[in-house]
Amino acid sequence: MDRIDAMKIFIAALDEGSLAGAGRRLGRSPAAVSRAIAFLEAHVGAELLHRTTRSLRLSEVGEGYAAACRRVLADLEEADLAAAGEAAAPRGLLTLTAPVPSGEAALRPVLDAFLDDYPAVSARLHLLDRPVNLIEEGIDVALRIAHLPDSTLIALKLGEVRRVVVAAPAYLAARGIPVLPADLAAHRIIALAGSGEEAWSFPATPGAGTSRAIAITPRLMVNSVRAAVASAVAGHGVARVFSYHVADEIRAGRLTLLLAGFTPPPLPVHLITPDGRLPVPKVRAFIDFAVPRLKSWFADRATEIATPQPMPGSRTGPDIPPTGGMR
């Protein structure tokens, strides 16, 4: 059996999550897929996959071997494209990743439009709220909201986003508007589970030496940004999310921006791709297609950071206790 062909089948099985899925993707029978993986395991002299009737899991040896296979296959693809030169058209499988909220709201619609324009390209979009090693996991393009470490990755900046604190007007009318970060202690907090935030950090005031961290005791914890925003809109508490998550709600008056004078510095948004992948036609075509559209999307949702005005009849300040019920 050809070892390169067996590597392609092995990687397809990992990407699809099953031998049957790899067979469907490559037009092979499940038996042929099993033979290819058995061939590789015999070649390396170790088990690569732990197989059950429902799932595949890489062995310790398999993890390193899979990363090596992805590098080999990527190098071969780049060699083919270099030989083809300008005649090479965008084609094949494009693999992307993004955090769940920005991937659903920003990247997915752009990817849909790209696939409409490039029928020879197919795509796999992994929405993951965890760090991803682009090279080891075979990712062509990633959307990232963070300060990027120095690396060989190629990064194209799309814009900036901020963490903002918001609540519904009805909630604020009942419980008062927090003027200082310390005032949040008197409010119902909606927090994102799994974010690792036991405290909300705010920049230091002029003359102070360090930033401040306000411990939070959530009344509600959810593992979905959309759920957190919906609960805030419904008047159930104060939430802190990225500005693009709530730009439409703030414009429509469904949420009010709070503590604007204490907003942390913005975080950059980038599309990144491994060094050497940019010349690949499907990657180059997607970057050229996506960057201007994503820049426009994030710019359109850049919430203006302005000091919110107290609402008529509301009470503010750290010494005034909450009044009234939830509305």
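1. Two residues are in contact when heavy atoms of theirs lie within 4.5 Å. By that rule, and leaving aside residues up to four places away in sequence, Gly92 touches Ala120, Val121, Ser122 and Lys282. The model is a predicted one.

2. Gly92 belongs to strand 3, which covers residues 92-98. Val121 stands 29 residues from Gly92 along the chain, yet the C-alpha atoms of the two are separated by 4.9 Å. Gly92 has a relative accessible area of 31%. Because the range between buried and exposed runs from 20% to 50%, Gly92 is classed as partly exposed.

3. Helix 1 takes in residues 3-16, which makes 14 residues. At 1.5 Å a residue the helix should span 20 Å, and its end C-alpha atoms are 20 Å apart, so the expected and computed values agree.

4. Something can be said about both ends of helix 1. Asp2 caps the N-terminal end, with a side-chain oxygen 3.2 Å from the backbone nitrogen of Ile4. After the helix comes Gly17, whose phi is positive, near 85°.

5. Which residues of helix 1 are buried? They are Ala6, Met7, Ile9, Phe10, Ile11, Ala12, Ala13 and Asp15. As background, an α-helix has 3.6 residues a turn, so residues three or four places apart point the same way.

6. Leu259 deserves a separate entry. This residue sits in the loop between strand 13 (256-258) and strand 14 (267-273). Its phi is near 50°, a positive value in a residue other than glycine. Leu259 counts as buried because its relative accessibility is 6%, and the cut-off for buried is under 20%.

Notes:
Residues are numbered from 1 along each chain as its sequence is written. This is a predicted model: local features need pLDDT of at least 70, side-chain atom pairs count only at pLDDT 80 or more; totals for chains, interfaces and linings use all residues. Side-chain values use heavy atoms; hydrogens and water are left out. Helices (H or I, at least four residues) and strands (E, at least two) are DSSP runs, numbered from the N terminus. Buried means under 20% relative accessible area, exposed over 50%, partly exposed in between (1.4 Å probe, protein chains only). The expected span of a helix is 1.5 Å times one less than its number of residues. A polar contact is a pair of N or O atoms within 3.5 Å; within protein, one must be able to donate a hydrogen and the other to accept it, and residues adjacent in sequence count only if both atoms are side-chain atoms.
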